[in-house]
Amino acid sequence: MSKVVQSKNFKYIVLALLFLGWCLGNLDRFVMNYAIVGITQDLGLSASAQGIILSSFFLGYAIMQIPGGALADRFGYRKVILVSVFAWSIFTILTGSAWSLFSLIFVRFLFGIGEGSFFPSGSKAIATTFPINQRSSAMSIMLASGAIMGVVTPILTSQALETIGWRTLFYIIGAVGILVTILMFFLLKEPAQPLQSEAVPAPKEKVPFKVVLKTPMIWNLFIGYFSIYAVNWGLQSWMPTYMVNVRGLDMTQMGLLSAIPAVISIFTMLLSGYILDRIPAGKDRIIASVFGIFVALFLYLMSTAGSIAMFITHQTIVTALAGFISTLIISKSLKTMPETVVATANGFINTGAQLAGFLTPMLIGFLVEASGGSYTAAFVMLIAFAVICSASLMLSRRSDKIKPTDIQPTTV
C-alpha cells in the first residue's frame, strides 16, 4: 500500500518530506548545544561531563548508520523513516525528564539510535526518485535543513530557555515530532519501481557489503566526512559555550550572532548542490580539497580574531566552505553506487561523520578542562582535521567504484 506509481511531482513530495523530517532532526540535535548551558548549571556538571553528554547522542547515531542503511535497502525507506522519526521524538520528550548525568547520557544515546536510520534512508529515497544529474541538488536541499535550523535554533532556543526552561522545551519539540510522524504516515510513499540510471545500473543481484568496503573511494569519503564533521560539530557544540564564557556574550547576543553563519550557509549549501551537478567529474574533489585548506586557514583566524565581528566573519567562511565539502562527500556515492546498496554505502560514510560527532565534543571538553579553560588546543585539533579532510579528498578518485565484475550472485 505504500508503493505508488511515480508521478511527475512525486520526487518533489518525497524531497519536501525529507526536508521537513531533517529540519526536525537537526532541531532536536542543535537545541542541546544551547540547552546544555542551563543543564550543566542545574545538574552541577563539569566541562568534561558536558562533553560526554554532547557526544553520547553521536555514539548511538553512529552505531545505527550501517544497520539503518541496510534496513532501508531491504525493506524500503518509508518504513524505516517512520520508525526513526517516531523513536527520536519519544526520546526528545524523555530528555526533558532527565534527572542526573547518567540518565541524560543514556537517553541521548537512545536518541541517537532512534535518529540514526533517517539519513541513510533519506539517501535511499533520493537515489530511488531522482536522476543522477539532480542528486547533488536534492541532497543539498535536504542538508540545507541543518543550515536553516542553525538559524532558527539559536534564536528560538535563547528566548525559550529563559522563559519556559529546557525541560518544557524538549517536551514541546518531542510532541511536534509525533505530529510530523503522523503527517509522514499519510504522505510519504515509495515508487512502485525504483528510478533507473544508465550511469549507475541497478544490478539484479545483491551487492555484498564487503564489496562496498573494498572500494577505496568509500574509505576516502569516510575519512573526509569524519574530518569535516569533526570541524562542524566541534564548532556547533562548543561555540555557544565559547562565546558566552570566553567572548563575554549573554545568551541573547550569542543566539543572534550564532545565526549569522547559518543564514549564509543556507544559500551556500543550496548553491553547492547546483554547482556539483554541473562540475566535470574529477574537478569537484580538487576544488573541495582546496576548500579544506581554506577551512584550516580560517579556523586559525577564528582562534586569533581580535573582535567578535571578525570571529563571526571567519566562522561564516568556515561554515560555507565546509557545507560545500559535506555536500560533495555525501552526494558522491549517490552518483557512483548501485541503487541496491546506496543506503548502506551512505550509512557507512555517514558513520564517519557521526563518530566525529561522538568524539569531537568530548575531546574538546577534556582539552578545555585540562588547559584551564583555554580553547587553543581545541582549535589546533580542528585545524588538523581540516587538513586531513583535504588530503583524503585529493586521494579520492571517481574510478574507485563498484564494477559489474565485483557483483556476485547471492544464494538464499
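Aspartate 284 counts as buried in this predicted model, because its relative accessibility is 10%, and anything under 20% falls in that class. Its partner is lysine 332: the two side chains meet in a salt bridge, with N and O 3.7 Å apart. This pair links distant parts of the chain, as aspartate 284 sits in helix 11 and lysine 332 in helix 12, 48 residues apart. Lysine 332 counts as buried too, because its relative accessibility is 6%.

**Pairs of opposite charge**

Side chains of opposite charge can pair when their charged atoms come close. How many salt bridges does the count come to? The count is four. Three of them, including the one you have just met, are set out here.

| Acidic residue | Basic residue | N to O distance |
|---|---|---|
| Glutamate 115 | Arginine 29 | 3.0 Å |
| Aspartate 277 | Lysine 335 | 2.8 Å |
| Aspartate 284 | Lysine 332 | 3.7 Å |

Let's start with aspartate 277 and lysine 335. Aspartate 277 lies in the loop between helix 10 (251-276) and helix 11 (283-304), while lysine 335 belongs to helix 12 (residues 308-336), so their salt bridge ties together parts that are 58 residues apart in sequence. Are these two residues buried or exposed? Both aspartate 277 and lysine 335 are buried.

Now look at glutamate 115 and arginine 29. Glutamate 115 is part of helix 4 (residues 101-115) and arginine 29 is part of helix 1, so this pair joins parts that are 86 residues apart in sequence. Here again, glutamate 115 and arginine 29 are buried.

**The nonpolar core**

Next come the nonpolar side chains. The largest nonpolar core has 116 residues, and those with the most contacts inside it are Ile39, Phe118, Phe119, Met184, Tyr225, Leu299 and Phe311. Which helix gives the largest share of this core? Helix 1 (residues 10-43) does, with 17 residues. Apart from this core lies another one, of five residues, among them Ala147, Val151, Ala259 and Ile266.

Tyrosine 225 is a good residue to click on. Leaving aside its neighbours within four places in sequence, tyrosine 225 touches Phe119, Ser326, Ile329, Ile330, Ile349, Asn350 and Ala353.

**How helices pack**

Two packed helices are described by the angle between their axes and the distance between the axes. Take helix 3 (residues 77-95) and helix 7 (residues 165-187): their axes are 7 Å apart, at an angle of about 165 degrees. Helix 3 and helix 7 are therefore roughly antiparallel, since angles over 145 degrees count that way. The crossing of helix 3 past helix 7 is left-handed. Residues making this contact include Ile81, Val85 and Phe86 of helix 3 and Phe170, Gly174 and Met184 of helix 7.

Helix 1 and helix 5 (residues 118-129) offer another example: their axes come within 10 Å and cross at roughly 165 degrees. Helix 1 and helix 5 are therefore roughly antiparallel to each other, and their crossing is left-handed. Among the residues that meet here are Phe10, Val14 and Trp22 in helix 1, and Phe118, Phe119 and Ile126 in helix 5.

**Out in a loop**

Finally, find glycine 372, in the loop between helix 13 (342-370) and helix 14 (376-395). Why is glycine 372 called exposed? Its relative accessible area is 73%, and exposed means over 50%. From glycine 372 to leucine 27 the C-alpha atoms are 31 Å apart in space, and these residues are 345 apart in sequence.

Key
Residues numbered from 1 in each chain as written. Predicted model: local features only at pLDDT ≥ 70, side-chain atom pairs only at ≥ 80, totals over all residues. Heavy atoms only, no water. Core = buried A, V, L, I, M, F, W, Y, C linked by side-chain atoms within 4.5 Å. Buried < 20%, exposed > 50% of the residue type's maximum accessible area, 1.4 Å probe, protein only. Helix = DSSP H or I, 4+ residues; strand = E, 2+ residues; numbered from the N terminus. Contact = heavy atoms within 4.5 Å. Axes fitted to C-alpha atoms, helices over the stretch in contact; angles between N-to-C directions. Parallel < 35°, antiparallel > 145°, perpendicular 65-115°, else oblique. Left-handed = near helix turned anticlockwise from the far one by under 90°.
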